[in-house]
Amino acid sequence: MKIIDIIKNKKVTVSFEVFPPKEWAKIGDTKDVINQMVKDSPAWMSVTYGAAGTTSGYTTEIANAVKNGGVTPLSHLTCLTSTKEKINSVLDELEENNIENILALRGDIPKDFTMSDNQYYHHAFELVNEIKQRGKFCIGGACYPETHPDSKSRVEDISHLKEKVDCGLDFITTQMFFDNEAFYNFREMCAIKEINVPIVAGIMPITNAKQIKRSVELSNCSLPKKFQKIMERFGEKPEIMKQAGIIYATEQIIDLMANGVNNIHIYTMNKPDVAHKIMEGLSAIINE
Ligand code: FAD
């Protein structure tokens, strides 16, 4: 099923993100994770694409496992370091496997990579154009409530987002954020810019101190005082931090829903127990 139709047909959606393993030998472990997660009936499950596309076949394999578990898969695809031929072979593979939904991404710029005119893709919108030509896929894109780290300004970032959406995105999913006000401001900016596709809010449950350091470095997102206090007090106590992180994420989602945000995406970090506890905390709301 196309994600845009799921969004249109359901009042509230909660979806999960999973990542494939780095080595093929561990693919079975990831499938076990999927089998546990589908029991919580997420609206869809997105499957990330390894940096620089080194493990692209793994994404399709895991997306198929999601489909076999009865949940709609969303296959991520990055383009920056790819050739047109490689992208088209992945699109062929997705078509052959009846995977209808793609999150079209640029990918991060690798450390030793210099942007040049010689490469085929420079930005995600070019990939969106390429996928759109096939006429078969529901296409999502990424967006950044607190601005993409490469952008010179917020205005520039949101203008590029508008261009990307106008290339044919059906929906956009946000980078993680911990301060809902950042999302509400972003939503307003999108409305002013006439970015009218559904915005799926990405929530990352933080369950250990190491994870937050890395997540903040990568994503440029701010940490509200309330969250910093939790980290200061419980960051070194894994069991308490896990519980506090689950409750913080659940409260964040409830606040978002109370403010009219009906599409939530959980960055599960392949932890079925964490995803399950959040879904439990939302059980009545999801079925509103
Ligand atoms: P773009 O939309 O191309 O934007 C990147 C930067 O370029 C922004 O600063 C933008 O303002 C700027 N820009 C856009 N268009 C133009 C233009 N025409 N001229 C000048 N500047 C422009 N990475 C992975 O490797 N695998 C994944 O599976 C993955 N999944 C993700 C899922 C989500 C929901 C999110 C939010 C991110 C994900 N990422 C993933 C990370 C993503 O690849 C990086 O954030 C990457 O740096 C930007 O990708 P993008 O698609 O947003 O790029």
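# A walk around the barrel

Start by selecting helix α6, residues 154-166, in this predicted model. At 1.5 Å a residue, its 13 residues should span 18 Å, and the end C-alpha atoms are 18 Å apart, which agrees. Now show the side chains of Asp157, Ile158, Leu161, Lys162, Lys164 and Val165: these are buried in α6. Look down the helix axis, and the buried residues of α6 fall within an arc of 165°, so they line one face of the helix. Turn to the other side of α6 to find Val155 and Asp166, which are exposed.

What covers the buried residues of α6? Add α5 (124-134), β5 (138-143), β6 (171-174) and α7 (180-192) to your selection, since the cover includes these elements. Before moving on, click on Gly168, just after α6, where phi is positive at about 130°.

**The barrel**

Next, colour the strands. Eight of them close into a barrel, in the order β1-β2-β3-β4-β5-β6-β7-β8, with parallel pairing. From one strand to the next, the twist averages 30°.

For a look at one pair, select β7 (residues 199-203) and β8 (residues 263-267). How many bridges join β7 to β8? There are three, and the two strands run parallel. Within this pair, Ile203 stands opposite Ile266 of β8. Keep β7 and β8 on screen and bring in helix α10, residues 238-258, which packs on the sheet and touches β1 (13-18), β7 and β8. The direction of α10 makes about 160° with that of β7.

Another helix to view against the strands is α4, residues 84-96. Helix α4 lies across β3 (73-78) and β4 (101-105), and runs at about 170° to β3.

**A serine in β2**

Zoom in on Ser46, which sits in strand β2 (residues 45-47). Is Ser46 buried or exposed? Its relative accessibility is 0%, so Ser46 counts as buried. Display His265 as well: the side chains of Ser46 and His265 make a polar contact at 3.1 Å. Leaving aside residues up to four places away in sequence, Ser46 touches Phe16, Glu17, Val18, Leu74, His76 and His265.

**Helix α3**

Now pick α3, residues 56-68. The 13 residues of α3, at 1.5 Å each, should span 18 Å; the C-alpha atoms at its ends are 19 Å apart, which agrees. Buried residues in α3 are Ser56, Tyr58, Thr59, Thr60, Ile62, Ala63, Asn64, Ala65 and Val66. Their cover includes β1, α2 (27-37), β2, β3 and α4, so keep those elements visible while you rotate the view. Just after α3 comes Gly70, with a positive phi of about 90°.

**Two asparagines in loops**

The last stops concern backbone angles. Most residues other than glycine have a negative phi. Which sign does phi take at Asn98? Phi of Asn98 is near 55°, a positive value in a residue other than glycine. You will find Asn98 in the loop between α4 and β4, and with a relative accessible area of 56% Asn98 is exposed.

Finish at Asn220, in the loop between α8 (209-219) and α9 (225-234). Here too phi is positive, near 70°, in a residue other than glycine. Asn220 is partly exposed, with a relative accessible area of 39%.

Conventions:
Residues are numbered from 1 along each chain as its sequence is written. This is a predicted model: local features need pLDDT of at least 70, side-chain atom pairs count only at pLDDT 80 or more; totals for chains, interfaces and linings use all residues. Side-chain values use heavy atoms; hydrogens and water are left out. Helices (H or I, at least four residues) and strands (E, at least two) are DSSP runs, numbered from the N terminus. Buried means under 20% relative accessible area, exposed over 50%, partly exposed in between (1.4 Å probe, protein chains only). A polar contact is a pair of N or O atoms within 3.5 Å; within protein, one must be able to donate a hydrogen and the other to accept it, and residues adjacent in sequence count only if both atoms are side-chain atoms. Contact means heavy atoms within 4.5 Å. The expected span of a helix is 1.5 Å times one less than its number of residues. The arc is that of the directions from the helix axis to the C-beta atoms. Two strands pair if DSSP finds at least two bridges between them. Axes are lines fitted to C-alpha atoms, for helices over the stretch in contact, and angles run from 0 to 180 degrees between N-to-C directions.
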